[in-house]
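Let's walk through this one together, a question at a time. Have a look at the structure below, then we'll start in the sheet.

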Amino acid sequence: MRRDCALLALAVALSGCGASIAPPMTPAAQCKSSTGIAVQLESVPAGTNGLCAWTAAMVDGFRARYEQRWGALALDGWTVRIRTAATFSGDHLGTTWTDSRTIDLVDSQWVILPHELNHVRTGSSHDGWCAEFEPWEETELGYNERGYLGCQDAH
Ligand SMILES: [Zn+2]
């Protein structure tokens with residue numbers, strides 16, 4: 001991954017490809033989803049007992065929707081972290097740290113999780129996503145990211 005990123009560094013300077021090691025985070029809560037994904041919450045607001053289990057169920061739910069269309073992912077050893085930041089690296093709502101097997105999501109931005117899972121399946125590039133993945137996102141999730149992905153028919 002590191003070597004690929006070095007070779008592609010100029011082409012993907014804006015994608016965050018070079019930073020595939022997750023920054024440290026001290027979890028306020030952590031648990032395991034029923035499909036074996038580690039879930040960590042950066043913050044647990046007062047009065048939200050059971051938030052980690054609920055979050056883990058959401059992770060499994062979006063994983064199931066993704067895998068139903070795109071096939072099973074090997075996510076053993078992967079961690080999904082729910083962060084408190086409003087965005088990452090400018091305007092990103094999710095980040096996949098491949099070398100650390102970690103996905104960071106902005107709190108409540110579930111619609112972004114399938115995008116990050118697609119990075120796990122296809123790598124750091126968005127090449128080809130406009131033709132296949134993006135139309136599925138719009139139909140399945142009601143999420144239009146043609147503009148973000150630079151698709152020709154962005155609107
Ligand atoms: Zn992406």
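Q: Which residue in E5 is the bridge partner of Thr95?
A: This is a predicted model, where local features need pLDDT of at least 70, side-chain atom pairs count only at pLDDT 80 or more, and totals for chains, interfaces and linings use all residues. Residues are numbered from 1 along each chain as its sequence is written. Strand E4 (residues 94–97) pairs with E5 in the antiparallel sense over four bridges, and two strands pair if DSSP finds at least two bridges between them. The partner of Thr95 in E5 is Asp104.

Q: In the hairpin of E4 and E5, which residue takes a positive phi?
A: The hairpin has four residues between its strands. The phi in question is near 50°, and the residue that takes it is Arg101.

Q: In which sense do E3 and E5 pair, parallel or antiparallel?
A: Strand E3 covers 79–83 and strand E5 covers 102–106. Val80 stands opposite Ile103 in E5. Over five bridges, the sense is parallel.

Q: How many of the five residues of E5 are buried?
A: A residue is buried if 20 or more other C-beta atoms lie within 10 Å of its own, exposed if 12 or fewer, and partly exposed in between, with C-beta atoms placed from the backbone. E5 is largely enclosed by the rest of the structure, because its buried residues number four.

Q: In what order do the elements of the protein run from the N terminus on?
A: Helices (H or I, at least four residues) and strands (E, at least two) are DSSP runs, numbered from the N terminus. There are five helices and five strands in the protein. Their order is α-β-β-α-β-β-β-α-α-α.

Q: Which element gives the most residues to the largest nonpolar core?
A: A nonpolar core is a set of buried Ala, Val, Leu, Ile, Met, Phe, Trp, Tyr and Cys residues joined through C-beta atoms within 7 Å. This one has 18 residues, and Ile37, Val39, Val59, Val80, Leu105 and Leu113 touch the most other members. Elements giving two or more residues include strand E2 (38–41), helix H2 (51–70) and E3. With five residues, the top giver is H2.

Q: Why do the buried residues of H2 line one face of the helix, and what arc do they fall within?
A: The buried residues of H2 are Cys52, Thr55, Ala56, Val59, Phe62, Arg63 and Tyr66. The arc is that of the directions from the helix axis to the C-beta atoms. Seen down the axis, these residues line one face because they fall within an arc of 130°.

Q: Which exposed residues sit on the face of H2 turned away from its buried side?
A: The buried residues of H2 are covered by elements including strand E1 (29–32), E2, E3 and H3. Turn to the face away from that buried side and you meet the exposed residues Ala64 and Gln68.

Q: Which residue follows H4 with a positive phi?
A: Helix H4 (residues 133–141) has Phe133, Glu134 and Glu137 as its buried residues. They cover an arc of only 100° around the axis, which puts them on the same side of H4. After the helix comes a phi near 65°, and it belongs to Gly142.

Conventions
Two residues are in contact if their C-beta atoms, placed from the backbone, lie within 7 Å.
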